[in-house]
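Here is a short set of questions and answers on two acidic residues. Look over the sequence and the model, then read on.

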Amino acid sequence: MELKRVVVTGLGAVTPLGLTAEKTWKNMLAGVSGADTIKQFDASRYKTTFACEVKDFDPSVWIDRKEVRKMDKFCQFAMASAAMAIEDSAMNLDTVDKDRIGVIFGVGIGGLRTMQEELEYYTEHRDTPKFGPFFIPKMIGDIAPGQISIKYGFHGPNYATTSACASSSNALADAFNLIRLGKANVIVSGGAEAVITDPGLGGFCSMHAVSTRNDEPQKASRPFSASRDGFVMGEGASCLILEELEHAKARGAKIYCEMVGAGLSADAYHITASHPEGLGAKLVMSEALKDAEMKPEDIDYINVHGTSTPVGDISEAKAIKDLFGEWAYKLNISSTKSMTGHLLGAAGAIEAMACVKAVQEDIVPPTINHEDGDEDPEIDYKMNFTFNKAQKRTVRAALSNTFGFGGHNACVIFKKYAG
C-alpha cells in the first residue's frame, strides 16, 4: 500500500526554559541553562541538590481549577502542552472529524509525586489506612492521553508509551506510523514527566547517575566534556501535532516540516548502561534512515541523547562516527539536555521540537558548558558538537536520538516540507 505523508502542524511546550515552545526555543538558541537549586522540596539531604525545574507554572491557565486537583503534575504539564499545540495548529474543533484524531503520549514514570504523597499519608495513618479516590487515576501514566482526549472529545487511538527515556520518541513513532497507515488523520503526540521528588532524586542519586556539581548547577550538564559527571534531572512536557498531509492542506494548515522516518531497537545489553560500542544506537539510526529512504549524508543535524554521563556520551559518539563515516564531520551535533536537563520520558518530545525548529529556521542549538581543553580522549572532537554557541546552517533534515534504561532506543527524523 502507498503510505501517507505526515507533517507537523502544531507545537506546545512546558519546560525548564520556558512555558511555551517559542520561549523554550529562544532560550535554547541563547544557550540558557534551566538548572538551579531545587525549590519544590528540601533536597539538602541528598548528594545532588539541584535540577532543571519548570518555573512559574500555573495549571489553572490551561485546566479548570476543579480538575487540577485530580491530576498529578506530569499530567498538568501534558494538558498544557497539548492545549498550546492544538491552539498553534489552528484546527477548527467544531468541524474536524474527532473520530479520526488520536492522542499518544510518552510517560517514563508517571505520578511519582502522587505515589509519594499517598504513601506518606498511609505511613502516618497505618492503623486506619485511607487512600485518596484520585490516587490511582492521578498516578498511572496513561492518564495523560486519556485526560487530553476527554477534554477535546478525540475518539481516535489513545494510549501511553513507556520505554524510559525513549518513551516520547516511541509515542511519536507510533503516531507517525498510524497516520501513514491511514488509521488517523491527526494525532496529538508528545511526552510528559514530573519526577523531581524525594524518591525520584534519591533513586537517581543512589545509582550515581546524576551530577553532583552543586556549587555550579548551571554548568553541571556538560555532554561530551571530559569533566561530565552525570545527568541533570529535568521536568516538563512537549507536544507535536502530527497530521496527514492532505488533511493539513485541505484545511489550510501551516506546516512546520515533514516527519519522514522512525527507528526502534534494543541494546539487549544492560538494565541501565548503553552498549559501550553503541551497537543499539547505530542500529536505531540506521533503521530510521532506512524507513525515511534517506542516506547518512541527507542529515544535517543530530539532536543526540547526550545526557552528560561518562559512558553514554562515548557510545553515542562512536555510533554516529561508525554509521555516518566522513559525513560525521560535516553535520552538526548538539545535546539540548545541556540546557533543559534530562526530561526522562518527555525528553524525546522536547528534542523532537528542537529538531522541527532547527529544520524550520536553519539554525542548530548549542551544547553548552564545554570549556577549552576539557576533552575526553575517547571522543573524536573533529565532529562538530556545536559547543557553546548556536550555528546557522541549512538544515535539510534533522534526526533525534533517545535511549532508555532497559536498552530501549528510538530515533525520529524530520525534514523540510517540499510540497
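Q: Which residues is E193 in contact with, leaving aside its neighbours within four places in sequence?
A: Contact means heavy atoms within 4.5 Å. The model is predicted: local features need pLDDT of at least 70, side-chain atom pairs count only at pLDDT 80 or more, and totals for chains, interfaces and linings use all residues. Residues are numbered from 1 along each chain as its sequence is written, and side-chain values use heavy atoms, without hydrogens and water. The contacts of E193 are F74, F77, V107, G108, I109, G110, E235, G236, L343, L344, G345 and A346.

Q: Which side chain of opposite charge is nearest to E193?
A: Glu and Asp count as negative, Lys and Arg as positive; His and the chain ends are not counted. E193 is buried (under 20% relative accessible area, 1.4 Å probe, protein chains only). E193 has no salt bridge (a side-chain nitrogen of Lys or Arg within 4 Å of a carboxyl oxygen of Asp or Glu). The nearest such side chain, 11 Å away, is R113.

Q: How far is the backbone nitrogen of G110 from a polar atom of the side chain of E193?
A: The E193 side chain also has a polar atom 3.1 Å from the backbone nitrogen of I109. For the backbone nitrogen of G110, the distance is 3.2 Å.

Q: What is the relative accessible area of D376?
A: D376 touches A226, R228, I314 and Y381, not counting residues up to four places away in sequence. D376 is buried, and its relative accessible area is 10%.

Key
Buried < 20%, exposed > 50% of the residue type's maximum accessible area, 1.4 Å probe, protein only. Polar contact = N/O pair within 3.5 Å; in protein donor to acceptor, adjacent residues only side chain to side chain.
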